[in-house]
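Have a look at the fold below and keep it open while you read. We'll begin with one residue and work outwards from there.

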Amino acid sequence: TAVKDRVVLENVATGLEYLQNIIEAINTNHCLLLGYQKFGQVGYEKIVSPYALKLFHQRWYMLAKTQENSMRLYALDRIHSLSVTKETFKMPADFSPQEYFSEYFGVLTDSSVPMAHIVIRAHNWTPNYLRTLPLHQSQRELESTADYTDFSYNLRPTSDFIGQLLSQGSGIEVLEPQDLRQ
């Protein structure tokens, strides 16, 4: 059997058929005519300037600037039509997708959520998972004992980060800030 038959990858959500056109538009700074429909809402079309792609939890997202001059994130699995237009855009020389997402855990970027210094206590096997796959680039190991390890993070705790913490069950405990602990 071929090696490809022995490598098992995670399934990625639908929308991959648009990936090549988005990459082409990013590469050439061409705008996209995007047909999009959020879950449970009415679909719409708009022209966007694609800035970046991000893969998060098996789902591709496109970060784009709208004609209203706001940054939006579009999940590729919710795109129902997409075409590269003749219209071009100027990518800001100082824009960095890594910097744009640096204060966040995943893809939810809400600047109204204040920055926080978060300390968690990881129990059992969880410290090893966090050491080998940090939740965020700001992760620091503060203290380690035979029973637990404390880690700190500096980020905006949006709901996707909170969901990630909750998914660890009894493997972690939030120590601070108090409002996040509760």
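## Starting from Thr66

If you skip the neighbours within four places in sequence, Thr66 touches Lys46, Ile47, Val48, Arg72 and Tyr74. Bear in mind that this is a predicted model. Thr66 sits in strand 3. Is Thr66 buried or exposed? It is buried, because its relative accessible area is 6%, and buried means under 20%.

For contrast, take Ser170, which lies in the loop between helix 4 and strand 9. Ser170 counts as exposed because its relative accessible area is 66%, and the cut-off for exposed is over 50%. Here are the two side by side:

| Residue | Place | Relative accessible area |
|---|---|---|
| Thr66 | strand 3 | 6%, buried |
| Ser170 | loop between helix 4 and strand 9 | 66%, exposed |

Ser170 and Tyr129 are 41 residues apart along the chain, and their C-alpha atoms are separated by 14 Å.

## The sheet

Now for the sheet: it is open, has 5 strands in the order 4-3-2-1-5, and its pairing is antiparallel. Strand 4 (71-75) and strand 5 (79-88) are the edges, each pairing on one side only. From one strand to the next, the twist averages 45 degrees. Strand 1 (residues 30-36) runs antiparallel to strand 5, and the two pair over 6 bridges. To find the pairing on screen, look for Leu32, whose bridge partner in strand 5 is Val84. Helix 1 (residues 19-28) packs on this sheet, where it touches strand 1, strand 2, strand 3 (59-66) and strand 5. The direction of helix 1 makes about 95 degrees with that of strand 2.

## What's inside

Which residues have the most contacts inside the largest nonpolar core? They are Met62, Ile120 and Tyr153, in a core of 33 residues. Strand 6 (residues 116-123) is the biggest contributor to this core, giving 4 residues. There is also a second, separate core of 8 residues, with Tyr51, Leu63, Phe89 and Phe95 among them.

Met62 is worth clicking on. Not counting neighbours within four places in sequence, Met62 is in contact with Ile22, Leu32, Leu34, Val48, Pro50, Ala52, Leu53, Arg72, Leu73, Tyr74 and Leu76.

## Helix 4 and its two faces

Helix 4 (residues 159-167) has Asp160, Phe161, Gln164 and Leu165 buried. These four cover an arc of only 145 degrees around the axis, so they end up on the same side of helix 4. The general rule behind this is that an α-helix has 3.6 residues a turn, so residues three or four places apart point the same way. On the face turned away from the buried side, you'll find the exposed residues Ser159, Leu166 and Ser167.

What do the buried residues of helix 4 pack against? Their partners are strand 2 (44-56), strand 6, strand 8 (148-155), strand 9 (172-176) and helix 5 (178-181). After helix 4 comes Gly169, with a positive phi near 55 degrees.

## Zooming out

Taken as a whole, the chain has 5 helices and 9 strands. In sequence order they follow the pattern α-β-β-β-β-β-α-β-α-β-β-α-β-α. The C-alpha trace spans about 60 × 50 × 35 Å along its principal axes. Of the 182 residues, 40% are buried. Among contacts between residues at least 6 apart in sequence, 61% link residues at least 24 apart. The accessible surface is about 11,200 Å², and carbon and sulfur atoms account for 51% of that.

How values were computed. Residues numbered from 1 in each chain as written. Predicted model: local features only at pLDDT ≥ 70, side-chain atom pairs only at ≥ 80, totals over all residues. Heavy atoms only, no water. Core = buried A, V, L, I, M, F, W, Y, C linked by side-chain atoms within 4.5 Å. Buried < 20%, exposed > 50% of the residue type's maximum accessible area, 1.4 Å probe, protein only. Contact = heavy atoms within 4.5 Å. Arc of directions from axis to C-beta. Pairing = 2+ DSSP bridges. Axes fitted to C-alpha atoms, helices over the stretch in contact; angles between N-to-C directions. Areas by Shrake-Rupley, 256 points an atom, 1.4 Å probe, with all protein chains shown as cover.
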